[in-house]
Amino acid sequence: GHLRVQAVLGEVLGGADPRGAGELLGQRVRELAARNHVPAACALIVQRLTGCRLIFDIRGLMAEEYVDAGRWKRDGLPYRITTLVQKAAIQRADGVVTLTEAVRRHLFGDPPRRTATYVIPCCADLDRLRGDETANSRTRLQLGLGDRPVMAYVGKFTGRYLDAEMVEFFDTARRSRPELFFLVLTQADHDLVRREFRRRGISDEDYLITRAEPEELGRYLAVASFAIYFYRPAFSEIAASPTKVGEYLGAGLPVVSGPGVGDVDQLFRTQQVGVVVDDFSENGYNAALDQLGDLVSDPNCGARCRAVARERLSLDDIGVPRYDRLYREVARA
């Protein structure tokens, strides 16, 4: 099917009769889902040829992301073309998916001005995050942790992620909890990550940089007391839905986050499952640590985190059912 679509699009772009291409595609294409902006540009061509229904799955504000990263200018041609594609795809789509309520409000108002807009965040497979005391003890022994409290991080450690600030937060936290250990699970270059620890003068005995396969993630997170991630502040982050938030909460861990990331601020502040560092400074870190201490010492915090993950960020309970509902709604239109 994909090869046929590509071949037909090649004929169309090469000047072939679009009606013939439309008839060929129309034999097989009834609904089309486009994930992000470049596929959406292709899908708009197919929709024009076939009249098929279209779902536009906005994974982020692509034009704004490139501007925030300093790679595009707001008045430049790539920005303007991408913005036009986004606008056209939203107008012509039979269903639209956003990752956050924050970006849905930005695009469609509150309440949304159009129907069939679904917020489907990046969800976690919570069944993989189940831990037990035996696995916890075995992993602690393997890592040589003893009874040390652990701060955990999962994922990339460069680019949009503030690696230096996360290490700085850890260093600040160690002033009151010198036994704190930082467990970094990443596929990033370990030497680049290690450089940040050494820059702060942190001993190799106080952190570990390793990687974990998806099926191992639960046993690693089971040894942690809390988890962290910091994004570089930017307007485009209102569309961000980090999968790691669902993974952290699903493992029963309260989370430390930076400000302005999707729906995280609202979620943490209303559900008491995390804290937001309002500014990346010693004062900001200490204020967050005071709040974090209350969460970590709360015997009900782990259960609350898992419940919020199940209600808001579960692949089985949120992600799959919402996509299923959207596809059925569009198919019936």
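**Group meeting talk: strands, a covered helix, a pocket and two cysteines**

In strand β2, the residue that serves as bridge partner of L32 is L54, and I would like to start from that pairing and work outwards. Please keep in mind throughout that what we are looking at is a predicted model, and that I am going to describe what has been computed from it.

The pair I just named belongs to a longer register, since strand β1, residues 31-35, and β2 run in the parallel sense and are joined over five bridges. On to the next neighbour: strand β2, which covers residues 53-57, also pairs with β3, again in the parallel sense, and here over three bridges. If you want a residue to look for on the screen, I55 stands opposite G95 in β3. How enclosed is β2 by the rest of the structure? Largely so, because four of its five residues are buried.

Moving one strand further, β3 and strand β4, the latter being residues 117-119, pair in the parallel sense over three bridges, and within that pairing the partner of V97 is Y118 in β4. Strand β3 itself, residues 95-98, is covered on both faces, with G95 and V97 buried on one side, and V96 and T98 buried on the other.

Let me turn now from the strands to a helix. Helix α8, residues 163-173, is mostly covered, in that eight of its eleven residues are buried. Those buried residues are D163, M166, V167, F169, F170, D171, T172 and A173, and you will notice that D163 and D171 are on that list together with F169 and F170. What do the buried residues of α8 pack against? They pack against strands β5 (150-154), β6 (181-185), β8 (226-229) and β9 (255-257), and also against helices α9 (190-199) and α13 (282-296).

The next feature is the largest pocket, whose volume comes to about 780 Å³. It is lined by 33 residues, and of these the closest to its centre are V154, G155, T243, K244 and E247. The largest share of the lining, three residues, comes from helix α11, which spans residues 243-250. As for chemical character, the lining divides into 15 nonpolar residues, seven polar ones and eleven charged ones.

I expect someone will ask about cysteines, so let me take that with some care. How many disulfides does the structure hold? Zero. As a reminder, a disulfide is a covalent bond between the sulfur atoms of two cysteines. For C42, the closest cysteine sulfur is the one in C52, and at 12 Å that is too far for a bond; the cut-off applied for a disulfide is within 2.5 Å. Read from the other end, C52 likewise has its closest cysteine sulfur in C42, at 12 Å. Are these two cysteines buried or exposed? C42 counts as partly exposed because its relative accessibility is 38%, whereas C52, at 4%, counts as buried.

To finish, a few words on the chain as a whole. Its secondary structure comes to 15 helices and ten strands, and its C-alpha atoms fill a box of roughly 70 × 40 × 40 Å along the principal axes. Of the 333 residues, 49% count as buried. Finally, if we consider contacts with a separation of 6 or more, 65% of them are accounted for by residues 24 or more positions apart in the chain.

Definitions and conventions. Residues are numbered from 1 along each chain as its sequence is written. This is a predicted model: local features need pLDDT of at least 70, side-chain atom pairs count only at pLDDT 80 or more; totals for chains, interfaces and linings use all residues. Side-chain values use heavy atoms; hydrogens and water are left out. Buried means under 20% relative accessible area, exposed over 50%, partly exposed in between (1.4 Å probe, protein chains only). On a 1 Å grid over the protein atoms alone, a cavity is a set of points where a 1.4 Å probe fits but cannot get out, and a pocket is an open set with protein on both sides within 12 Å along at least five of seven lines; lining residues have an atom within 4 Å of a point. Grid points are joined across faces, edges and corners, and a volume is the space filled by probe spheres set on the points. Ala, Val, Leu, Ile, Met, Phe, Trp, Tyr, Cys and Pro count as nonpolar, Asp, Glu, Lys and Arg as charged, and the others, Gly among them, as polar. Contact means heavy atoms within 4.5 Å. Two strands pair if DSSP finds at least two bridges between them.
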